[in-house]
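The following exercises ask the reader to examine a pocket, a helix and the confidence of a model. Each task is followed by a worked solution.

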Amino acid sequence: MPVEAASLVATDVAGVYGSLPAVLGPADVARAVGDAWAALKGVRAVDGMRQRVHSLDRVRFPVRGAAGRMRLAGEGDLALAGSWIRSFVRTTGLAGVRDPETRARQLVAARFLALWENRVPVSMAAFPARTRNTVRVGYVYTPDEHRRRGYATALVAQVSRHILDSGFRRCILYTDLANPTSNRIYHAIGYRPVQDVMDVNFA
């Protein structure tokens with residue numbers, strides 16, 4: 001998108017939405033749209049998380065598998081899913097999720113939330129956003145007491161295979177550039193960098 005189009009985009013979007021939590025894109029474009037939106041709406045645009053978009057079209061499973069298995073979350077997991085989404089939002093600073101419990105119900109009802117279970121649930125990942133050919137993996141979260149055991153790596157690998165086996169051509173996900181661990185584990189299962197992007201949040 002040309003930076004020069006920022007004010008036109010902001011004006012057009014303002015005709016549809018009364019408010020936005022944030023915009024996301026390559027840094028120069030995101031800042032330009034953010035500044036244009038802030039001027040229109042009388043809010044303040046603040047630079048947020050820097051992320052990297054990754055793409056995968058073939059899963060490479062970890063050599064050392066984690067104990068347990070993947071399953072789709074059900075009604076009995078709603079309280080846990082809501083709690084974990086709340087923790088995920090708090091940890092990542094993700095804008096736009098104001099009601100984690102409602103988001104959990106939406107994901108579970110659509111069967112877009114998966115859990116890794118090793119006697120008990122130990123990790124989660126969702127795959128809520130999709131186009132004709134692509135699905136985005138997100139909400140990848142493992143509580144502190146279950147980390148460093150390969151659960152998230154195994155779960156994202158299985159979720160990605162589930163997506164590709166469902167007829168989609170590729171999976172994408174976003175990683176926090178400040179978190180080298182997540183960038184490393186996703187690379188290990190076949191995700192490759194596509195584009196660096198940045199949030200511009202509105203205060």
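A pocket is an open set of points on a 1 Å grid over the protein atoms alone, where a 1.4 Å probe fits, with protein on both sides within 12 Å along at least five of seven lines; lining residues have an atom within 4 Å of a point. A volume is the space filled by probe spheres set on the points, which are joined across faces, edges and corners.

The model is predicted: local features need pLDDT of at least 70, side-chain atom pairs count only at pLDDT 80 or more, and totals for chains, interfaces and linings use all residues. Residues are numbered from 1 along each chain as its sequence is written, and side-chain values use heavy atoms, with hydrogens and water left out.

**Exercise 1.** Describe the largest pocket and its lining.

*Solution.* First, the volume of the largest pocket is about 1,500 Å³. Next, 50 residues line this pocket, and Phe88, Val140, Tyr174, Ser182 and Tyr186 are the closest to its centre. Finally, the elements that each supply at least two lining residues include helix 3 (78-92), strand 6 (134-141) and helix 5.

**Exercise 2.** Determine how far helix 5 reaches and how many of its residues are buried (under 20% relative accessible area, 1.4 Å probe, protein chains only).

*Solution.* First, helix 5 spans residues 151-165 and reaches 21 Å from its first C-alpha to its last, close to the 21 Å expected at 1.5 Å a residue. Second, eleven of its 15 residues are buried, among them Tyr151, Leu155 and Ile163. Third, Gly167, just after helix 5, has a positive phi of about 105°.

**Exercise 3.** Where is confidence lowest in the protein chain?

*Solution.* The average pLDDT (the predictor's confidence in each residue, from 0 to 100) of the protein chain is 94. Confidence is lowest in helix 6, with a mean of 86.

Terms used:
Helix = DSSP H or I, 4+ residues; strand = E, 2+ residues; numbered from the N terminus. Expected span 1.5 Å × (residues − 1). Buried < 20%, exposed > 50% of the residue type's maximum accessible area, 1.4 Å probe, protein only.
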